[in-house]
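These are my notebook entries on one structure. I looked things up piece by piece and wrote down what I found.

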Protein chains: 2
Amino acid sequence: MFSQNHTDLAATIYDIAKKAGVSIATVSRVFNQSTKVSESTRKKILAIADEVGYHPRAHAQGLASRKSNLVMVVVPVISNYFFMEVLGGIQDKLSEQNYELSIFNISPNKDAAEQVGHVMKRRWAEGYLFISIHLQNEQWEQLKKYNVPITLVDEHFEGFDSVSVDNEQGAYRAVKSFLEMDYKRIAMLSALETSKPISNRITGYKKALQEYDVPFDERLIIEGNSMYRDGFTEKAGYEAMKKILEINPMPDACFCASDIQAVGALKAMMDTGKKIPIIGYDDIELAEYIGLSTIRQPMRDMGFFATQNLIDRMNNPQKAISQTIYTPELVERTSTSTFKDLKAK
Amino acid sequence: MFSQNHTDLAATIYDIAKKAGVSIATVSRVFNQSTKVSESTRKKILAIADEVGYHPRAHAQGLASRKSNLVMVVVPVISNYFFMEVLGGIQDKLSEQNYELSIFNISPNKDAAEQVGHVMKRRWAEGYLFISIHLQNEQWEQLKKYNVPITLVDEHFEGFDSVSVDNEQGAYRAVKSFLEMDYKRIAMLSALETSKPISNRITGYKKALQEYDVPFDERLIIEGNSMYRDGFTEKAGYEAMKKILEINPMPDACFCASDIQAVGALKAMMDTGKKIPIIGYDDIELAEYIGLSTIRQPMRDMGFFATQNLIDRMNNPQKAISQTIYTPELVERTSTSTFKDLKAK
DNA sequence: TGAAATATTGTAAGCGCTTACATTACATTT
DNA sequence: AAATGTAATGTAAGCGCTTACAATATTTCA
């Protein structure tokens, strides 16, 4: 239940010390799990603290100890399915370890590096999780100078701990599955190509084609309008798919850079009446319900593990740098299997 | 770009003051937008600060000024579409006003009031946004004693600023639209009924029936399995819809308590081959793409406005308490219109 | 030109904690 | 019982800022 004795002047460590007849150091020790306090005084102090509703002020603790118990998550856009899932995993880990979570949202309108610099300079958090943040090489290098624990999620740069997914492999598997079904003209519904995950997926796409001796045709890669959220929207997917369906001759399969775009693509096919098998990317919760075949990324696990990793580094800055790469897997559903059945007939 | 001169011992206000040949008070004034600094020294200080990459430490500022510039968002479950949208609005407002955002996630496994009490006691944030947090009357009362700015979103309790949606009205409109189409046996796919939004929606449902002289039949209200996320999941929707389709005689329309459940419901209809018109609730981004008719809640606006409201109160604690109620509107899409067309024929 | 008014800067006392080091109380050992 | 070791507590110096108040510089105006 809530504290009963609240007044405007909240109790400080001095009040508790006075009431308990001890020094503030002793009170502080009680609240810092120090073992150097006798059981009797610990109990007395805890009782008094509870009675007056005392709780150490985070700012004072932070200033005095030069620690904040705060982990900052830096993300590009908050309303995004991938991020949501990852954040779920982060939360799980953080609450388990008694850390607070703060979120910093990189606005797409301003320079990313500048905003990141701003966050770092505040020196607020003890550790940072960068989710899907893409910077220039030189900017990553600058970031290292802050000498603060940072773990990258869905991105990798030499010298940082990172947790990511093998995008090349994911795309490769998707495209390969099409090739195995004997599709040759495979389109790729892409997004902003300057981002590394996307360029890696394109590499995987090409690699699969090469392996099956299918010549690469750049006209089959369509980049959705990326003005908003780098193109990771249903709308961008919808429009890009319309273009794809107009290519002559029409592609006979399509690999989409994300599920959310694939949803738009599905809609485009419904509206135009044209239909080709598609595979998405991410495996968002929804994919199962619309029967979308997709490449599954273990998003929640990634968040959980990345946080684990970050906390490890916070506790031991000398720890060796690790790069964790999850391999995504293909999940087949009706957006491809119906066609498979047709082929089989 | 990031700071160039980073060392492990980051610059403090003293370093800047010394370099600039002024007192720390003057430096502080520059960083607090005080007008009482001459333009020339302001520029000099800013230049030096930029050069050494100085930035005031949040904890020190917070302790000295007894303010944190921090707004805490308290939510029940983070991975939730409704919350995501609301958070987007909050972010917009907050970044505009230069506040930091922290998130506290109420774990469903522990007592909500206790966790809320814990957050409040830390006295960390200057203002709190409670999103979809449901407490007992007595617990709300206790909360008031902290005497701290709080704005409720998607919930209301006398004595708090709140921003919510008229759930009764929303449900009423949905059900009424069915009644106008001459459907009589209208099922409701519900969720955990102890929550106020849900009970209000049930009230609206009943009200519409009454108005059209359709007797209320409690067997037509099916509560999804609410063990997880209070039942607001596709899975819960899927299973509940299966039950609804088995009711004898089969209902001829269904009002769902959320879009996310409606997605599951749609799937259930596909799987069983039975089909009745449905209306969801929320209007999540996805609804448009799957043609789901729904009751639109202006989620982003709610977040934005609630934050505005909170900041107003933080600046003026005497401000009169306000309750803002948005009226949701019906958005008709194919999940109802196809049926309408059929009827018309 | 000099006093009064105003603009700019400095001084210093906290804000509420942590923690190294010093001190005291108590238990052990001989 | 004195000497020694150990556990428990206290002392005091910050942590890096803000801000009331005091001091000084600059401007204004008679």
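**Entry 1: DNA strand D**

I started with the atoms of DNA strand D within 4 Å of the protein: 60% belong to sugar or phosphate, and the rest belong to bases. This is a predicted model, where local features need pLDDT of at least 70, side-chain atom pairs count only at pLDDT 80 or more, and totals for chains, interfaces and linings use all residues. Residues are numbered from 1 along each chain as its sequence is written, chains are lettered from A and ligands numbered from 1 in the order in which they are written, and side-chain values use heavy atoms, with hydrogens and water left out.

I then asked how many residues surround DNA strand D. I found 29, and the closest are S23(A), R29(A), T41(A), I13(B) and S28(B). A residue is near a strand if one of its heavy atoms lies within 4 Å of it.

Next I looked up polar contacts (pairs of N or O atoms within 3.5 Å; within protein, one must be able to donate a hydrogen and the other to accept it, and residues adjacent in sequence count only if both atoms are side-chain atoms). A polar backbone atom of S23(A) sits 2.6 Å from a phosphate oxygen of DNA strand D. For N32(B), a polar side-chain atom lies 2.8 Å from a phosphate oxygen of this strand. For Y54(B), the distance from a polar side-chain atom to a phosphate oxygen is 3.0 Å. The elements that give two or more residues to the surface near DNA strand D are α2 (24-31) and α4 (58-65) of chain A, with α1 (13-20), α2 (24-31) and α4 (58-65) of chain B. Helices (H or I, at least four residues) and strands (E, at least two) are DSSP runs, numbered from the N terminus.

I sorted the surface near DNA strand D by class and got 13 nonpolar, 11 polar and 5 charged residues. Ala, Val, Leu, Ile, Met, Phe, Trp, Tyr, Cys and Pro count as nonpolar, Asp, Glu, Lys and Arg as charged, and the others, Gly among them, as polar.

**Entry 2: DNA strand C**

Which residues are closest to DNA strand C? They are I13(A), S28(A), S23(B), R29(B) and T41(B), out of 29 that surround the strand. Of the strand C atoms within 4 Å of the protein, 59% belong to sugar or phosphate. A polar side-chain atom of N32(A) is 2.8 Å from a phosphate oxygen of DNA strand C. A backbone N or O atom of S23(B) is 2.6 Å from a phosphate oxygen. I also found a base contact: a backbone N or O atom of A64(B) lies 3.3 Å from a base oxygen of DNA strand C.

**Entry 3: Chain A as a whole**

I counted 14 helices and 12 strands in chain A. Its radius of gyration is 26 Å, well over the 20 Å that the globule rule gives for 345 residues, so chain A is more spread out than a compact globule. The radius is taken over C-alpha atoms, and the rule is 2.2 Å times the number of residues to the power 0.38. The C-alpha trace spans about 85 × 45 × 35 Å along its principal axes.

The domain assignment gives domain 1 (13-56), domain 2 (70-165 + 299-326) and domain 3 (167-296 + 329-344). Such bounds come from an automatic or database assignment. The centres of domain 1 and domain 2 of chain A are 36 Å apart, taken over C-alpha atoms.

**Entry 4: Single residues**

Is I186(A) buried or exposed? I186(A) is buried, with a relative accessible area of 0%. Buried means under 20% relative accessible area, exposed over 50%, partly exposed in between (1.4 Å probe, protein chains only). I186(A) is in strand β6 (residues 186-190) of chain A. Beyond four places in sequence, its contacts (heavy atoms within 4.5 Å) include V175(A), F178(A) and Y205(A).

In helix α2 of chain B I checked T26(B). T26(B) is buried at 17%. Outside its neighbours within four places in sequence, T26(B) is in contact with V37(B), T41(B) and I45(B).

A47(B) lies in helix α3 (residues 39-52) of chain B. A47(B) is partly exposed, at 45%.

**Entry 5: Backbone**

Most residues other than glycine have a negative phi, and most peptide bonds are trans. The bond from N248(A) to P249(A) is cis, with omega near -5°. P249(A) lies in the loop between α10 (234-246) and β8 (253-256) of chain A. Phi of N69(A) is positive, near 60°. S132(A) has a positive phi too, of about 50°, and counts as buried at 14% relative accessibility.
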